[in-house]
Amino acid sequence: MKNYQKPLEYMNNNHASDTLPKYPRIGVVLSSGGGRGVYAHTGFLMALETLKLPVTALAGCSAGALVGGIVASGTPLPDWFATLGKVQRKEFWKPGSLPGLLWRMLYDKGRGITGISDTQWAIEFCRKNLTAKTFEDCQFPFYALAINLDSGEKTIFSEGEIAPRIMASAAIPIVYQPVKINGEYFCDGAVVDFAPTDAICCLHNLDVVIVHHVSQRFDQKKSIDHALTEPWTLLKITDRLLYRNRPWYLSDEGASSQRISSQRCPCGCGAIIIVIEPELPELTWPMTRGGIHVLREAQQQTTELLTPFQAALQTDSRGMFPKVFKACDDNNK
Ligand SMILES: [Zn+2]
């Protein structure tokens, strides 16, 4: 049985004495987004904290699972921010030696090579930054999306040790080796879904679900030839495979440049789903320099986009958008 008796103040700190008229039930869904997503989601959550918008439940995929898990485990945002400010690439990215890899490729026909980097180091990095160890001990219900490589099934983790499960969710194919949990292999949930809204919506009596979408785009205007001139062409191709379908909660590509949109939950629970898709600078994997700039951009844009709705979100979340608007509906303005 899970123990979520703690009050819903945001992240167990600072705001306990603040006078919110009533606690709104806000769910947060953090999308996949690679290294850039780790910084962006952190900036987004810092903005929510400043706006005093408490989190009732959180679900994440890949980068979103990593940041979501660390914060849900009770690690204060300032501590996680400080870690990101000084993180070294070698803490989460350890590719095998090139001669060893070549040897195994040529003479062993690639047998046993499941990814460029060992995922174990990244799991250790997560472990060091988690406060609670298990999903059951999180500050609020937390879910991480991955795909089961044995069965091909979409898996939403909600119990057990957090560290291996959030790294399974973040184990990008080719880049990271899949993670073995209870005898089965798992990798990046972005293969099936960018942002697992269904993990929390309709389940926690939520008034609002805020999706922070920072996944790469499938940019049809850029050809594969263009990718050949960019760093990590191999990853650009993987990106194109992963991100070929726009998720249901976004408008069609090119239909609108709005960074915020909303709609009712299509499954009928009545919650309003707000999608924030910030415009962020590029951050080439596995670079960490420039990460804090991405974080600040995401933080600033979230603050800007949500401030007009802050009071409504804190009091009457369901009634806040009398006329629900969609990003693709430009005539509504
Ligand atoms: Zn729903």
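**Figure 1. The whole chain.** Of the 333 residues of the chain, 41% count as buried. The model is predicted. The chain holds 10 helices and 11 strands. Contacts were sorted by how far apart the partners sit in the sequence. Among contacts with a separation of 6 or more, 77% join residues 24 or more positions apart.

**Figure 2. Helix α1 against helix α2.** The view shows α1, residues 34–50, and α2, residues 63–72. The two helices pack at an angle of about 40°. Their axes are 8 Å apart. That angle makes α1 oblique to α2. The crossing of the pair is right-handed. On the α1 side, the contact is made by G34, G37, V38, H41, T42 and L45. On the α2 side, A63, G64, L66, V67 and V71 take part. By class, the residues of this contact are six nonpolar, five polar and no charged.

**Figure 3. Helix α2 and the residue just after it.** How much of α2 is covered? Helix α2 is mostly covered, with 10 of its 10 residues buried. The buried residues of α2 are A63, G64, A65, L66, V67, G68, G69, I70, V71 and A72. G74 comes just after α2. Phi of G74 is positive, at about 105°.

**Figure 4. Helix α1 against helix α3.** Here α1 meets a second helix, α3. The axes of α1 and α3 come within 11 Å. They cross at roughly 155°. An angle over 145 degrees counts as roughly antiparallel. The helices α1 and α3 are therefore roughly antiparallel to each other. The crossing of α1 and α3 is left-handed. From α1, the contact draws on Y39, T42, L45, M46 and E49. From α3, it draws on L77, W80, F81 and L84. The residues of this contact divide into seven nonpolar, one polar and one charged.

**Figure 5. The buried side of helix α5.** Helix α5 spans residues 120–129. Which residues of α5 are buried? They are A122, I123, F125, C126 and N129. These residues lie on the same side of α5, because they cover an arc of only 155° around the axis. Several elements cover the buried residues of α5, including α2 and α3 (77–86). Helix α6 (162–169) and strand β6 (174–176) are also among them.

**Figure 6. L295 in helix α9.** L295 lies in helix α9. Is L295 buried or exposed? L295 counts as buried, because it has 23 C-beta neighbours inside 10 Å. M46 is 249 residues away from L295 along the chain. Yet the C-alpha atoms of L295 and M46 are separated by 9.2 Å. Neighbours within four places in sequence are left aside for the contacts of L295. On that basis, L295 is in contact with Y39, A40, T42, G43 and L84.

**Figure 7. P278 in a loop.** P278 sits in the loop between β11 (272–276) and α9 (291–306). With 21 C-beta neighbours inside 10 Å, P278 counts as buried. A residue is buried if 20 or more other C-beta atoms lie within that distance. F44 lies 234 residues from P278 along the chain. The C-alpha atoms of P278 and F44 are separated by 9.7 Å. Apart from neighbours within four places in sequence, P278 is in contact with A40, V214, R259, E297, A298 and Q301.

**Figure 8. Positive phi at N182 and C202.** Most residues other than glycine have a negative phi. N182 is not a glycine, yet its phi is positive, at about 50°. Where is N182? N182 is in the loop between β7 (179–181) and β8 (184–188). N182 is exposed, because 7 other C-beta atoms lie within 10 Å. C202 is also a residue other than glycine with a positive phi, near 70°. C202 is in the loop between β8 and β9 (208–212). With 18 other C-beta atoms within 10 Å, C202 is partly exposed.

Definitions and conventions
Residues numbered from 1 in each chain as written. Predicted model: local features only at pLDDT ≥ 70, side-chain atom pairs only at ≥ 80, totals over all residues. Axes fitted to C-alpha atoms, helices over the stretch in contact; angles between N-to-C directions. Helix = DSSP H or I, 4+ residues; strand = E, 2+ residues; numbered from the N terminus. Parallel < 35°, antiparallel > 145°, perpendicular 65-115°, else oblique. Left-handed = near helix turned anticlockwise from the far one by under 90°. Contact = placed C-beta atoms within 7 Å. Nonpolar A, V, L, I, M, F, W, Y, C, P; charged D, E, K, R; others polar. Buried ≥ 20, exposed ≤ 12 C-beta atoms within 10 Å, placed from the backbone. Arc of directions from axis to C-beta.
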